[in-house]
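Thanks for asking me to look this over. Here are my notes as numbered points, to be read with the model open beside you.

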Amino acid sequence: MAAGVETTTMGLDHRKLGMWTFLGSEFLFFGAFVSAYLLYLDTTAGGPGVEIFDIPFTSISSFVLLMSSLTMVLAHHAHAQGDLRRMRLWILATAGQGAVFLGGQVFEFNVFVREGLTISESPFASSFYVLTGFHGMHVFVGILLLMSVYVLSLIGKIKPTQHVKTEMIGLYWHFVDIVWVVIFTVVYLIPEIAVLE
Amino acid sequence: MSSSTVEKSGFSGRPKGESGIGAWLTTTDHKKIGIMYFFTVLVFFALGGAESGLIRAQLAQAEQNLLTEEIYNQVFTMHGITMVFLVVMPLSAAFFNYLIPLMIGARDVAFPRLNAFSYWVYLFGGIFLYSSFLLGGAPNGSWVGYAPLSTDAVSNMAFYAAGLNIVGVSSLAAAINFIVTILNMRAPGMTFMRMPVFIWMSLVTNFLLLFALPIIAVALFMLNADAVFGAQFFEPGTGGDPVLYQHLFWLFGHPEVYIMILPAMGIVSEILPVGARKPLFGYAAVVFAGAAIGFIGFGVWAHHMFTSAIGPVARSAFALSTMFIAVPTGIKIFNWVFTMWGGKLRFTTPMLFSIGFISMFTIGGLSGVTHAIVPHNAQQHDTYYVVAHFHYVLFGGALFGLIGGVYYWFPKVTGKLMSEKLGKVHFWTWLLGFNLTFGPMHMSGLLGQPRRTAVLPGELGGTVEIYNLLSSLGVVVLTVSALVFLFNLIASIKGGVPSGNDPWDARTLEWLTPSPTPYENFPIIPTVTHRDEFWHRKYAEDDAGKAIPVPAGAAEDHDADAEPEHIHMPDPSYWPLVQTLGFFPFGYGLVYGNFWLIGIGLAWLVIGLYGWIIEPLAEGDDDDPVDEPARPGARAGAH
């Protein structure tokens with residue numbers, strides 16, 4: 001907390017330790033939703049089930065989201081070197097890819113609803129929408145954070161020396177990506193393959 | 001204090017309030033926030049107590065109808081929610097706030113504004129829950145909120161789902177804050193095994209909160225979605241599984257039990273060595289047992305569900321793990337007993353409450369072990385025996401320990417002593433009233449009296465009626481006792497006897513500073529060389545191992561050459577208060593399914609966050625301090 005204190009007991013910045021702690025909590029949040037989804041995989045009440053997923057489409061949007069982790073790393077790298085201009089460029093790229101992913105999710109939800117998979121359709125539908133919806137909300141928050149870094153660095157509130165701020169957003173962003181890796185595998189891929197066999 | 005505010009241009013100024021109501025509304029000082037938690041808890045405790053009075057009045061005689069069934073359901077539900085989420089948990093938070101920085105030798109918590117945020121979210125979450133009484137009725141599906149009853153609109157449980165999620169945000173933010181504080185802000189030399197046991201128990205508790213809260217959040221979001229937005233999570237009609245709700249709730253709910261009891265165990269572990277003038281017996285074992293409780297606490301939840309459809313394998317496994325968790329708890333009880341054994345006991349009020357804690361908690365622990373036995377459990381399920389059990393651990397346990405802590409640290413906070421005479425009256429009436437209220441419930445429960453039933457059935461017979469009458473009389477005693485406590489508290493704040501800096505001849509760092517605690521906590525951050533650091537600064541040992549006082553003044557840190565430390569204290573801020581108001585529209589939006597309100601609430605929270613980010617910092621940013629030359633690597637912490 002104190003600017004005058006040079007070291008912390010664990011040798012790790014408070015904010016980074018706080019972010020790690022928070023992410024530890026977030027894993028259980030998504031873990032509980034994923035468990036509920038797996039429980040309700042076949043509970044479709046006669047409505048659409050996992051066969052509704054469009055794997056090629058979601059694969060592409062997943063790929064875009066995963067690539068955003070790369071640009072996030074590049075943004076932090078640029079900031080660590082004190083290059084705010086390049087940092088902002090990569091931040092925009094990251095946020096842009098996040099937005100593409102979100103757009104894909106909105107599109108996908110619209111298609112599903114038109115095909116009869118509404119949140120009230122079945123426990124399967126409820127758990128699918130609430131799980132992926134909460135993930136989408138996390139991506140949205142991430143985009144908000146990225147754009148805040150962008151604007152705050154423009155007006156001079158984030159300085160070239162303060163790359164720990166970019167690093168924090170990066171931690172969060174990578175977490176959201178990792179969770180998506182789990183969701184894409186467990187929610188989309190494995191059940192779909194199981195249905196095809 | 002002088003270092004707290006420096007002018008700097010920016011989007012808005014920061015409040016300077018050093019006195020008056022503004023100082024409290026904008027404070028980021030962990031001591032003030034702790035005090036605010038305490039007084040807010042008193043208000044909610046009065047409300048929860050009044051609800052318990054109504055319950056006991058209704059059940060004083062068989063076939064009585066003072067309250068309608070509808071009102072009775074609301075009252076017992078709100079009693080449970082209030083006592084768990086608005087009294088015991090935040091009372092622990094009051095102690096965490098006030099004591100954690102002091103006991104580890106720090107000047108504040110890691111994130112002071114987040115700390116203020118936690119308090120305001122707690123307060124507004126409580127107000128939000130209670131506003132349900134004015135908006136068509138309070139939640140009435142009990143504090144566990146089992147679906148599908150709770151997803152029915154008549155149960156008002158949307159308020160429960162949204163309200164507990166708001167209060168949960170408060171606890172989650174506080175948990176992150178305290179974990180980082182304990183891990184990262186210890187004074188030089190304060191290794192893990194030199195930390196006071198209260199700090200250890202706080203660390204375990206906050207990790208439990210960190211991992212248990214997201215799970216209840218999921219359960220509550222699902223409940224909310226079912227009740228308001230038409231989701232089908234727990235709707236048996238479309239194949240939804242109500243047992244899933246029970247699993248999620250108790251996966252949080254059982255760690256929650258330890259979240260409530262561990263802070264009290266930590267407090268008792270501080271009071272007993274001081275009262276017995278001996279170091280804690282088996283420090284390492286007590287710490288290990290506390291951590292073990294934290295781990296095993298996540299593996300016993302289904303013993304709340306032995307009568308649900310979980311199958312014989314799960315029943316056996318959870319019966320075993322439940323018996324297991326009695327082991328670390330037993331270790332702690334023996335350690336406390338051996339701490340007192342052979343000590344020079346002083347029966348001060350904090351000490352009496354600690355001994356009361358051990359004995360009452362042991363009774364509750366023993367009746368708890370009977371729940372692990374599956375057939376026994378099936379007999380007891382949903383009877384008053386269970387009510388007796390958890391009141392023995394949470395009232396006789398947690399609350400006794402926490403009240404002991406209030407008496408023990410009152411001089412630290414105010415510089416005055418609470419009246420010992422009134423304290424002893426309080427203790428003995430509290431003990432009597434408590435046992436009179438909850439002791440007979442063991443019997444009435446075993447005789448078959450069901451929980452959560454608005455009218456005491458006459459056919460249970462006269463014996464059960466007498467037990468219920470005794471319980472209701474006990475509440476009268478408890479009410480008188482609580483008033484004695486309240487009077488003692490107010491009178492001692494106004495005109496208590498000055499306590500001096502170290503009234504109990506204590507052992508831990510918080511007593512190293514003057515009482516009441518100065519604004520910056522420690523003029524010089526102490527360097528720790530021992531467990532029970534303060535005791536070792538006061539006493540040396542002779543050859544026989546007897547404690548010899550060292551000369552006066554030797555307890556202080558002296559270093560003539562040392563430059564005066566640069567003391568940096570967190571600035572006050574409006575934003576935690578302003579931002580958290582956004583939880584009201586957000587919460588009501590969730591209850592009424594109104595996306596406009598949800599949107600307004602979320603936008604408010606985000607805008608508040610921006611205010612928080614861009615408000616000027618008196619001494620510059622952490623990574624970029626104003627009054628000191630920027631040094632590479634000097635990046636420690638956040639405001």
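1. With 27 C-beta neighbours inside 10 Å, Phe117(B) is classed as buried, because the cut-off for that label is 20 or more. Please keep in mind that this is a predicted model. Phe117(B) sits in helix 4 of chain B, which runs over residues 112-131.

2. What does Phe117(B) touch, leaving aside residues up to four places away in sequence? Its partners are Ala173(B), Pro576(B), Gln579(B) and Thr580(B). For a sense of distance, try Gly145(B), which is 28 residues from Phe117(B) along the chain: the two C-alpha atoms are separated by 27 Å.

3. On to the core. The largest nonpolar core counts 222 residues, and Val88(B), Ile179(B), Ala219(B) and Leu248(B) have the most contacts inside it. Helix 6 of chain B (residues 197-229) gives the most to this core, contributing 26 residues. As general background, nonpolar side chains in soluble globular proteins tend to be buried together.

4. Val88(B) is a good place to centre your view, as one of the residues with the most contacts inside that core. Once residues up to four places away in sequence are set aside, Val88(B) touches Met83(B), Met260(B), Leu394(B), Ala398(B) and Leu399(B).

5. Next, a helix pair to inspect. In chain B, helix 7 (residues 242-276) packs with helix 10 (residues 349-372) at an angle of about 125°, and their axes are 9 Å apart. The two helices of chain B, helix 7 and helix 10, are therefore oblique to each other, because that angle falls outside the ranges for roughly parallel, roughly antiparallel and roughly perpendicular. Helix 7 of chain B makes a left-handed crossing as it passes helix 10 of chain B.

6. Which residues make up this contact between helix 7 and helix 10 of chain B? From helix 7 of chain B come Ala264(B), Val268(B), Ile271(B), Leu272(B) and Gly275(B), and they meet Pro350(B), Met351(B), Ser354(B), Phe357(B) and Ile358(B) of helix 10 of chain B. By class, the residues of this contact are eight nonpolar, two polar and no charged.

7. Two peptide bonds deserve a look in your backbone checks. Ala147(B) and Pro148(B) are joined by a cis peptide bond with omega about 0°, and Pro148(B) belongs to the loop between helix 4 and helix 5 (157-184) of chain B. The bond from Ser515(B) to Pro516(B) is cis too, with omega near -5°. Pro516(B) is in the loop between helix 14 (462-495) and helix 15 (533-538) of chain B.

8. Phi also has entries for your list. Arg277(B) is not a glycine, yet its phi is positive, about 55°. Arg277(B) is found in the loop between helix 7 and helix 8 (283-296) of chain B, and 16 other C-beta atoms within 10 Å make it partly exposed. Asp505(B), another residue other than glycine, has a positive phi near 55°. Asp505(B) lies in the loop between helix 14 and helix 15 of chain B; with 15 C-beta neighbours inside 10 Å, Asp505(B) counts as partly exposed.

9. Finally, chain A. How many helices and strands does chain A have? There are five helices and zero strands, giving the pattern α-α-α-α-α along the sequence. The C-alpha trace of chain A spans about 65 × 35 × 30 Å along its principal axes. Of its 197 residues, 42% count as buried. Among contacts in chain A with a separation of 6 or more, 82% come from residues 24 or more positions apart.

Notes:
Residues numbered from 1 in each chain as written. Chains lettered and ligands numbered in written order. Predicted model: local features only at pLDDT ≥ 70, side-chain atom pairs only at ≥ 80, totals over all residues. Axes fitted to C-alpha atoms, helices over the stretch in contact; angles between N-to-C directions. Helix = DSSP H or I, 4+ residues; strand = E, 2+ residues; numbered from the N terminus. Parallel < 35°, antiparallel > 145°, perpendicular 65-115°, else oblique. Left-handed = near helix turned anticlockwise from the far one by under 90°. Contact = placed C-beta atoms within 7 Å. Nonpolar A, V, L, I, M, F, W, Y, C, P; charged D, E, K, R; others polar. Core = buried A, V, L, I, M, F, W, Y, C linked by C-beta atoms within 7 Å. Buried ≥ 20, exposed ≤ 12 C-beta atoms within 10 Å, placed from the backbone.
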